[in-house]
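Trainee: Hi, do you have a moment to go through a structure with me? I'd like to start with the overview and then pick out some details.

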Amino acid sequence: MGVVGLSSILRNCLPLSAINQIKQAHTQILINEPPPPKKNFPANVFKHFPIMKFNIDNLIVYYPYEKIYPEQYQYMIELKRTLDAKGHCILGMPNAAGRTIALLSLITSYSLSKPKNQSPKLIYCTRTVHEMEKVLAELRVLNEYLLKHLGSEGGILALGLSSRKDLYINPRVNSIDSRDSVDAACRKLTASWVREAAVDNPSIGGCDLFENYEKAGLNAVLPPGVYTLQDLRSFGKENGWCPYYLARRMVQCANVVVCSYQYLLDPKVAGFMSKEMQRESVVVFDEAQNIDNVCIKALSVSVRRQTLDGATRNLNRMDDRLKVADPNKLQTEYKKLKEGLAQRKNIAMTDDWLANPVLPNDVLKQSVSGNIRRAKQFIGVLRRLISYLEMCLQGNVEIERLTFANSIDEKAGIDKKTICNFATLVGTYTKGFSVIMERFDERSPHISDPVLQLCCHDASLAMKPVFEQFQSVVVTSGTLDPIDLYPGLLNFIRFDQLPVSTKSDLRSDPSVTRNYGRLLLEMVAAVPDGTFIDINCCHKNSNLEGKHDVSPVVSQNFTMSMTRDCICPMVFTRGSDQLPVSTKSDLRSDPSVTSNYGRLLLEMVADVPDGDIMQHKLVFVETQDVVQTTLALDNYRRACDCGRGDVFLSVASGKVAEGIDFDRHYGRLVIVFGLPFQYTLSRVLRARMEYLWETCQIKVEDFMTFDAKRRASQCVGRVIRSKEDHGIMIFADNRYSRQDKLSKLPPWILSHLPKSHQNLSTDMALHTAKEFLRKLSQPQEITCVQGNIPTILSEDDLRML
């Protein structure tokens, strides 16, 4: 079972001896356990039986399984509609409904239907390497099907693209833990000037894998097929080539590229993908419920004392080298650097990090300021900038971005043009950023930890180049609720710029009704006495004039047809003593709340298969250390496999709750303690809320509720990863029972949440869980129809449709 929420529950509810037992279990767990027994789970409804193909609006779709869910078919219809319109879409469908294979089958079939020179490529963006591997596994099944039925004409080249840390095989580098350190070590071995120096001085050394790859030239290619990261590493070892640079070269030849969000959203690396892919490419952002946060993080910068100390050390090393270097050679290298920034296409592959895509093209075309043309002058400017930033870390105020740029000019003696060319984000955007300086974390006010933050508040700044560069962008996930907030956050089109009309194709649009209602309410409040309304009027919001309309072709959420009632959501609102439970500020410290939360956990753990928390189940906790958390997850799965059973305590919106699947017996119950709101006193969050209200008219309470609900939905979604799976979801906070909160849960959860489960005490929740587990533990025949609604469709069923 998995638990997301309060970490203090066990500490307050268990005796000290029990806590010590748990700690000992963490260090000694499963050392001498026998191999886990093989478990028999229900056969997958989708057996590999590659005969299925069907027609969607004159497009032959190749689907590598013998059955398809109705929601998959509807999803494909809307996706095809988007591609035909050469526009963008927002599509929500639960993870257990087969969203990935629906996307891959439709887009691959669409690409095969076009001539070779017009065939769109697919850029499939995921959040984690784990998700990337799952997508490539589905692609491999699809590719085998295409090869069997279409021959070589149906073969594709698909590969995963990740960082050097995930692909590098040089023994001198791949033993390094930090990703940034791996990148730096690679550049020291492959930079053009290092390789030139190695020709005259062999003792400098280099990367043999990269040299072999360069010598192979155009012969260094990947044959058609699907390549996971492990496949790329194995191929590189067999041929003696660097898999990282091989993958980067093959991007321009691949039909499908699976990569992380950063390759399109992070300006430090996004230029590479934009340069290699044509406009006709289709971009998919999967698991995109938090895409606005990813965009903001990509454009935000934090500076701490450690950052400035490291910068100072690097400047000292550069200064020492200048004293012994040839001035003419330095000037030549500086000129090359300047030309490389202005002409990114001509820069060497190993040096492309110098052409930082953060710099706008118009800035790169300008001449370099006269006071930083010489190396010593340039270093002097950097030293003054570091000194100024050190002064800023002494403050604890928020200032406007333009005020910050002016202050650098006045106090550091660096003119605004120079600093805007150097610290580009400060000078590029006129809106959407603020500079925040904090001397300490407000949650630890006694620990000095000054940080200077350039905070981005507008997610559309990172999405805008993607919308402009590519013809079709698909934003999809299982928890895009409420879906109508995403167009405003990503600037598909602003809420206050939506057209309003009573013509047939618009009158039923919820945004039209909302804007008409808002007009009426605000006019009635402003006009004295009476208001006459002509309901036959038709007009358009004047704010739309002159704006670039990138509104989504489709914005739709799909529910999930169930072959059986395999989920049991509940709202836990009070303990056995009938006292309310909640993590809101005025209740969270109440001893009765902690006690009732702890009792819920203990009794549920005892009831879920594999025994009592103290006698059988082990406890694992997510920490900030990636290695420790990975080890805990591994042991958690081993405990489940061998029948010991265990509990995993994780943090909502953390790595585990957002990106790890607890399918089958690994997750029969998930409890979300409280509403996972962000830290409301955060200066960064408050600045963002002000910006969203000013630009999108999104209220603070609406966004906070939306954000908390998507986090909670993502947490409970871990418990069911296919329709053959089953599990219990408990929302443990009395605020979930309120209609304004309850209505924002995903439709596929609400459809299984009857009124009788929306206000439960500990005893009632325990009884409901027992009945559900007893029922689902019995063998059940999976039917194709539930009631009068089909849940599984065959190829013959699709022909009838």
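Mentor: Happy to; we'll take the overall make-up, then a sheet, a helix, two loops and some ring contacts. Keep in mind that this is a predicted model.

Trainee: Great. How many helices and strands are there in the protein chain?

Mentor: The protein chain has 33 helices and 22 strands. It runs to 801 residues, and buried residues make up 50% of them.

Trainee: And what share of the contacts between residues at least 6 apart in sequence join residues at least 24 apart?

Mentor: That share is 75% in the protein chain.

Trainee: Now the open sheet of eight strands: what's the strand order?

Mentor: The order is β7-β6-β8-β5-β9-β14-β4-β15, and the pairing is parallel. At the edges are β7 (225-227) and β15 (554-557), each of which pairs on one side only. From one strand to the next, the twist averages 15°.

Trainee: How many bridges join β6 and β7?

Mentor: Three bridges, in the parallel sense, with β6 covering residues 157-161. Leu159 has Tyr227 in β7 as its bridge partner.

Trainee: Switching to helix α9. Which of its residues are buried?

Mentor: In α9, residues 208-216, the buried ones are Leu209, Phe210, Tyr213 and Ala216. Looking down the axis of α9, these buried residues fall within an arc of 120°, so they line one face of the helix.

Trainee: What about Asp208 and Lys215, buried or exposed?

Mentor: Asp208 and Lys215 are exposed, on the other side of α9.

Trainee: And what do the buried residues of α9 pack against?

Mentor: Three helices: α7 (179-190), α8 (192-200) and α11 (243-250). After α9 comes Gly217, with a positive phi near 60°.

Trainee: Let's do loops. Where is Gln289?

Mentor: Gln289 is in the loop between β9 (282-285) and α14 (291-298). Its relative accessibility is 0%, so Gln289 counts as buried.

Trainee: Which residues is Gln289 in contact with, leaving aside neighbours within four places in sequence?

Mentor: Gln289 is in contact with Arg127, Ser477, Thr479, Leu480, Tyr486, Glu658, Arg710 and Gln714.

Trainee: And the other loop, the one with Met560?

Mentor: Met560 is found between β15 and β16 (567-572). Met560 counts as buried because its relative accessibility is 5%, and buried means under 20%. Not counting residues up to four places away in sequence, Met560 touches Glu71, Pro94, Ala96, Ala97, Lys723 and Trp748.

Trainee: How far apart are the C-alpha atoms of Met560 and Pro747?

Mentor: They are separated by 8.5 Å, although Met560 and Pro747 are 187 residues apart along the chain.

Trainee: Last topic, rings. How many aromatic pairs does a search of the whole structure find?

Mentor: There are 19 aromatic pairs. In one of them, the ring centres of Phe54 and Tyr63 are 6.4 Å apart and the planes are at 55°, so that pair is tilted.

Trainee: Are those two rings' residues, Phe54 and Tyr63, buried or exposed?

Mentor: Phe54 is buried at 6% relative accessible area, and Tyr63 is buried at 0%. Phe54 and Tyr63 also belong to one aromatic cluster with Tyr65 and Tyr73.

Trainee: And which ring does the charged end of Arg637 sit over?

Mentor: Two rings, in fact: the charged end of Arg637 sits over Phe662, 5.9 Å from the ring centre, and over Tyr666, 4.8 Å from the ring centre.

Definitions and conventions:
Residues numbered from 1 in each chain as written. Predicted model: local features only at pLDDT ≥ 70, side-chain atom pairs only at ≥ 80, totals over all residues. Heavy atoms only, no water. Buried < 20%, exposed > 50% of the residue type's maximum accessible area, 1.4 Å probe, protein only. Helix = DSSP H or I, 4+ residues; strand = E, 2+ residues; numbered from the N terminus. Arc of directions from axis to C-beta. Contact = heavy atoms within 4.5 Å. Pairing = 2+ DSSP bridges. Axes fitted to C-alpha atoms, helices over the stretch in contact; angles between N-to-C directions. Phe/Tyr/Trp six-rings, centres within 6.5 Å; stacked < 30°, edge-to-face > 60°. Lys NZ or Arg CZ within 6 Å of the ring centre and 35° of its normal.
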